[in-house]
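Here's a quick walk through one structure, taken a few spots at a time. Keep the 3D view open while you read.

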2 protein chains.
Amino acid sequence: MDFSSKLLENAVYEMSQLPGIGKRTALRLVLHMLKQPERQTEELSNALVKLRSTIQFCKKCHNISDTELCEICSNPKRDASLVCVVEDIRDVMAIENTSQYRGLYHVLGGKISPMEGMGPQELTISSLVNKVKEGEIKELILALSSTMEGDTTNFYIFKQLEGLEVLTSTIARGIAVGDELEYADEVTLGRSILNRIPFEGTFNNN
Amino acid sequence: MDFSSKLLENAVYEMSQLPGIGKRTALRLVLHMLKQPERQTEELSNALVKLRSTIQFCKKCHNISDTELCEICSNPKRDASLVCVVEDIRDVMAIENTSQYRGLYHVLGGKISPMEGMGPQELTISSLVNKVKEGEIKELILALSSTMEGDTTNFYIFKQLEGLEVLTSTIARGIAVGDELEYADEVTLGRSILNRIPFEGTFNNN
């Protein structure tokens, strides 16, 4: 692309560094900003810089937080003996949205993926193992994505916890609520039959 | 969405003010920034604020420019008697990419669209009429989108120029190069037959 303005070219270039934003989209976004009041661009910039420079992670669960201990970890009403292990903050938000979970979280910061250069050292696994060794945690729920990387990470964590007194579970894999059986893939359907549960168990959480 | 951090919430909110960026996409983008070096966020913010605060428009063609007169208008090799009227800078870039056009441009800054509150006063039409009155321009090529708003704007400009000595043309509408006839819509196909050109004319610009 051939820009008539260096400033414009630079702004479009920086914008297109974001994932999923190509040069054309970046140009569209930047031109939109030019039509908006200057204040709006300043507010966006300030919010981004402020977040990036003062970002903190909860020292207990490693979730993004404005305080040393996040709201969930510092809430005395939450069950500290139950910890749900998730990949990132989006998973915390998704689980919080269900209003079904009253335990704490542990945010790994990703999953083991040699292809993307993510090893166990890049994640907060050792901090998790230390927390379990302290003995307060009774159950650990592994709630990672159902992918090869997720399964690898689950298995690695499980191995690290060997010999420690903690119950380890994973979230149920099965047919999504509202889904038709005929369109489910065979692996999911197969697992959902193998891991069937007593019928009365389905009322527990409603 | 329920965020664990006010700073994060604010950044996501500001990001989601951009067109086509919802809350989820905004969160994905912001989380990506958090994983990148701090420098990158600063560079994006600086580029945006700098562009927004020092943005200039060429005083002749109203295109975005870093100088008072843009590169195209100040280029003595361009034909100043030929002016192509376009909607915004993206159209200038698209036409420049063809390397077929050696005249100047006039950027309207939009098109007449009462639904979006865009009247003739919001556009640079009066500046265009003044330029024509100065008498340097021999031909005006109207190159607006082929929509109702584009046609309205074309007609409005044409009416404003009544009585002035300038040749007004519009870009050819027809079957795109590489397109199959059977898939063309009937309006385009009909127009392309009505506005057929002598066969030898098709070699002119190759």
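What follows covers the cavities, two annotated spans and a handful of single residues.

Bear in mind that this is a predicted model.

**The cavities**

Let's begin with the empty space inside. How many cavities of 30 Å³ or more does a search of the whole structure find? The answer is two. The table puts them side by side.

| Cavity | Volume | Lining residues | Largest share of the lining |
|---|---|---|---|
| Largest | about 50 Å³ | A:Met33, A:Gln36, A:Gln40, A:Thr41, A:Leu44, B:Glu14, B:Gln17, B:Leu18 | helix α3 (residues 38–54) of chain A, three residues |
| Second largest | about 40 Å³ | A:Glu14, A:Gln17, A:Leu18, B:Met33, B:Gln36, B:Gln40, B:Thr41, B:Leu44 | helix α3 (residues 38–54) of chain B, three residues |

Look at the names and you'll see both chains in each lining: A:Met33 and B:Glu14 are among the residues around the largest cavity, while A:Glu14 and B:Met33 are among those around the second largest. As for chemistry, the largest cavity is lined by three nonpolar, four polar and one charged residues. For the second largest cavity, the classes come out at three nonpolar, four polar and one charged.

**Two annotated spans in chain A**

UniProt, in an unreviewed entry, puts a "zinc finger region: C4-type" at residues 58–73 of chain A. In the model that span is 0% helix and 12% strand, and its end C-alpha atoms sit 8 Å apart.

Further along, the unreviewed UniProt entry gives "domain: Toprim" for residues 81–176 of chain A. Here the chain is 33% helix and 20% strand, with 28 Å between the end C-alpha atoms.

**His62 in each chain**

A:His62 belongs to the loop between β1 (56–57) and β2 (64–65) of chain A. What is its phi near? The value is near 65°, which is positive in a residue other than glycine. A:His62 has 22% relative accessibility, so it counts as partly exposed.

Now switch to chain B. B:His62 sits in the loop between β1 (56–57) and β2 (64–65) of that chain, and its phi is also positive, near 65°. With a relative accessible area of 22%, B:His62 is partly exposed.

**Reaching across: A:Ser4 and B:Asp88**

A:Ser4 comes in the segment before α1 (6–15) of chain A. Which backbone oxygen does the side chain of A:Ser4 reach? It's that of B:Ile64, at 2.6 Å. Setting aside neighbours within four places in sequence, A:Ser4 is in contact with B:Asn63, B:Ile64, B:Ser65, B:Asp66 and B:Ile89.

Over in chain B, B:Asp88 lies in the loop between β3 (79–86) and α4 (89–98). Is B:Asp88 buried or exposed? It counts as buried, because its relative accessibility is 13% and the cut-off for buried is under 20%. The B:Asp88 side chain comes to 3.0 Å from the backbone nitrogen of B:Arg90. Not counting residues up to four places away in sequence, B:Asp88 touches A:Leu31 and B:Val107.

**One glycine to finish**

A:Gly22 is placed in the loop between α1 and α2 (23–35) of chain A. Its relative accessibility is 34%, so A:Gly22 counts as partly exposed. Ten residues separate A:Gly22 from A:Val12 in sequence, and their C-alpha atoms are 9.2 Å apart in space.

Terms used: Residues numbered from 1 in each chain as written. Chains lettered and ligands numbered in written order. Predicted model: local features only at pLDDT ≥ 70, side-chain atom pairs only at ≥ 80, totals over all residues. Heavy atoms only, no water. Helix = DSSP H or I, 4+ residues; strand = E, 2+ residues; numbered from the N terminus. Buried < 20%, exposed > 50% of the residue type's maximum accessible area, 1.4 Å probe, protein only. Polar contact = N/O pair within 3.5 Å; in protein donor to acceptor, adjacent residues only side chain to side chain. Contact = heavy atoms within 4.5 Å. 1 Å grid on protein atoms, 1.4 Å probe; cavity = no way out; pocket = protein on both sides within 12 Å on 5 of 7 lines; lining within 4 Å. Points joined across faces, edges and corners; volume = space filled by probe spheres on them. Nonpolar A, V, L, I, M, F, W, Y, C, P; charged D, E, K, R; others polar. UniProt positions renumbered as here; feature names shortened; annotations may be inferred.
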